[in-house]
Amino acid sequence: MIIEPDIKLDFKDVLIRPKRSTLTTRKEVDLNRKFSFVNAKLDIPYQGHKLISEYSGIPIMASNMDGVGTLEVADALIPHGMFTCLTKIYSGKELIEYFLSNNNKGGRSDYVAMSIGITEEDRKKFNDVYEQVGEKLRYVCIDVANGYTERFCNFISDFRNRYSNIVIIAGNVCTADQTQELILKGADIVKCGIGPGSVCTTRVKTGVGYPQLSTIIECSDAAHGLGGHIISDGGCTVAGDIAKAFGGGADFVMLGGMMAGHDEGGGKISGNKVQFYGMSSETANDKHFGGLRNYRAAEGKTVEVPYRGKITDTVQDILGGLRSACTYSGARRLKDLCKCTTFIRTTVQENKIYS
Ligand code: 5GP
C-alpha cells in the first residue's frame with residue numbers, strides 16, 4: 001500500500017485571484033479557441049504532408065447523457081460554436097438521418113460527436129453510420145466508466161488504425177499516466193474525471209476517485225506534452241467552476257447537470273422539475289438495458305433539477321460568467337486564462353506530522 005502525501009484539489013478548494021488588467025469591458029474577451037489534433041489526420045495531401053484536423057469554437061461541451069446529449073441540444077449549441085457528445089441511445093438510422101439532413105444546421109460535422117462503448121456491436125454501429133455519412137462524421141466519443149482497462153486501450157488503438165481521419169475523444173481517466181497512454185494509443189482528446197459528476201456515486205460506492213481540479217492540472221500537463229488535449233468532465237455546478245477548470249489547464253469543459261433541465265433535453269417534466277439521472281443509474285439501466293445487469297452496482301443516481309426553459313439562456317449566463325472571469329484575471333482570450341490564473345487555496349487540509 002502507498003499513500004500519496006501531495007494535496008489534491010477540487011473546485012471548492014480554490015478561488016482565482018484577481019489581477020490588474022487592461023481590458024475595459026468583458027465584451028473584449030475572446031472565448032473562441034482553435035485546436036489541431038495530434039492523431040487524427042485528414043486524408044488531404046498538402047505541401048508534401050497530410051493536413052491536420054482542426055477545431056474552432058467555444059470549447060464547452062454537452063455531456064453524452066440522456067436529457068443533455070440530445071440532437072436538439074446539439075442543434076441549439078451549434079450557433080454558439082459549442083460542442084455536443086450525443087448520448088449512445090440513438091440508433092444508427094437516427095444518426096445517419098441527423099448527420100445527412102440538410103436543414104441549415106451547418107456545423108454538425110464540426111460540433112457533434114457520435115458516442116460509442118467498446119463492444120463489437122458499438123464498432124459495427126459506428127461503421128454503419130460512417131459508411132453512410134462519410135466526412136460529415138468527424139468526431140467519435142469512445143466512452144467507458146473505467147478507462148484503465150487493457151481492453152479499452154486495445155479498442156482505441158484498433159479504432160485509430162481503422163479510421164485515421166476521425167478525431168477520437170476517449171475516456172474516462174483521471175491521472176497523467178493513463179492520459180498519456182490513451183494519446184499514445186491514438187486518442188486526440190482525453191476525457192478526464194472519475195467520480196466528480198453531479199449524479200455519480202462512484203466515490204461512495206467504490207471509494208475510487210480523484211479531486212477534479214488536480215485531475216485537470218495533472219492530466220492537461222501530461223496531454224499537452226504529447227500534443228494532445230483534455231476535457232474536464234464532471235463536477236462543474238456553477239459558471240465559476242468552469243472558469244476554474246479552464247484556469248487549471250482544461251482545453252474543453254464537459255457539462256451534464258448544468259445543461260440538464262432544458263426544453264431541448266426532452267426529459268420528464270413534473271411541475272417545475274425535470275428528471276435527470278446518471279448513465280449507469282438504475283433509471284438508465286431500466287430504460288436502455290431492461291434492468292441492472294447483476295454484476296454491476298448502480299454507480300449513478302436519479303435526481304430532479306429545476307426546469308430551466310431554453311438552453312440558450314443558460315448558455316448566455318455561462319459565457320457571461322466566463323468572460324467576467326477572464327476580465328478579472330487579465331486574460332484577453334480564453335486561451336490565456338490558464339497562464340493568467342493564480343489559484344488561492346481556500347480550504348485547510350490538516351497536515352500534522354506526528355513524531
Ligand atoms: P456533471 O456535469 O453532471 O457534474 O457530470 C457529468 C458527467 O458525469 C458525465 O459527463 C459523465 O462523465 C459522468 N456520469 C454520467 N452518468 C454517470 C453515472 O451514472 N455514473 C458515474 N460514475 N458517472 C456518470
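Reader: Which residues point one way from β7, and which the other way?

Author: Happy to start there, keeping in mind that this is a predicted model. Strand β7 spans residues 139–143, and its side chains are split between two directions. V140 and I142 point one way, and the other way point Y139, C141 and D143.

Reader: How many of the residues of β7 are buried?

Author: A residue counts as buried when its relative accessible area is under 20%. Residues on both sides of β7 meet that mark, V140 as well as Y139 among them. The strand is mostly covered, and the count of buried residues is five of five.

Reader: What is the bridge partner of M114 in β7?

Author: Look at strand β6, residues 112–116, which pairs with β7 in the parallel sense. Four bridges link the two strands. Strands of a sheet pair through backbone hydrogen bonds. For M114, the partner in β7 is V140.

Reader: What do the strands from β4 to β11 form together?

Author: Follow the order β4-β5-β6-β7-β8-β9-β10-β11, where the pairing is parallel. On average, neighbouring strands of this sheet are turned by 25° against each other, direction ignored. The eight strands make a closed barrel.

Reader: Which residue of β10 is the bridge partner of V190?

Author: Strand β9 covers residues 189–192 and runs parallel to β10, residues 229–233. Four bridges join these two strands. The partner of V190 is I230.

Reader: Is D188 buried or exposed?

Author: You will find D188 in the loop between α6 (176–185) and β9. Its side chain reaches the backbone nitrogen of A40 at 2.8 Å. Because a relative accessible area under 20% counts as buried, and D188 has 0%, the word for D188 is buried.

Reader: Which residues come nearest to the ligand?

Author: The ligand has 20 residues around it. By class, this shell has five nonpolar, 13 polar and two charged residues. Those that come nearest are S63, S198, D233, S280 and E299.

Reader: How far is an N or O atom in the side chain of D233 from an oxygen atom of the ligand?

Author: Several contacts of this kind can be listed. A polar side-chain atom of S198 lies 2.6 Å from a ligand oxygen, and a polar backbone atom of G257 is 2.8 Å from an oxygen of the ligand. For the side chain of D233, the distance is 2.5 Å.

Reader: What percentage of the ligand's accessible area does the protein cover?

Author: On its own, the ligand has 520 Å² of accessible area. Of that area, the protein covers 89%.

Notes:
Residues are numbered from 1 along each chain as its sequence is written. This is a predicted model: local features need pLDDT of at least 70, side-chain atom pairs count only at pLDDT 80 or more; totals for chains, interfaces and linings use all residues. Side-chain values use heavy atoms; hydrogens and water are left out. A residue is near a molecule or strand if one of its heavy atoms lies within 4 Å of it. A polar contact is a pair of N or O atoms within 3.5 Å; within protein, one must be able to donate a hydrogen and the other to accept it, and residues adjacent in sequence count only if both atoms are side-chain atoms. Accessible areas come from the Shrake-Rupley method with a 1.4 Å probe; for residues, only the protein chains shown count as cover. Ala, Val, Leu, Ile, Met, Phe, Trp, Tyr, Cys and Pro count as nonpolar, Asp, Glu, Lys and Arg as charged, and the others, Gly among them, as polar. Two strands pair if DSSP finds at least two bridges between them. Axes are lines fitted to C-alpha atoms, for helices over the stretch in contact, and angles run from 0 to 180 degrees between N-to-C directions. Buried means under 20% relative accessible area, exposed over 50%, partly exposed in between (1.4 Å probe, protein chains only).
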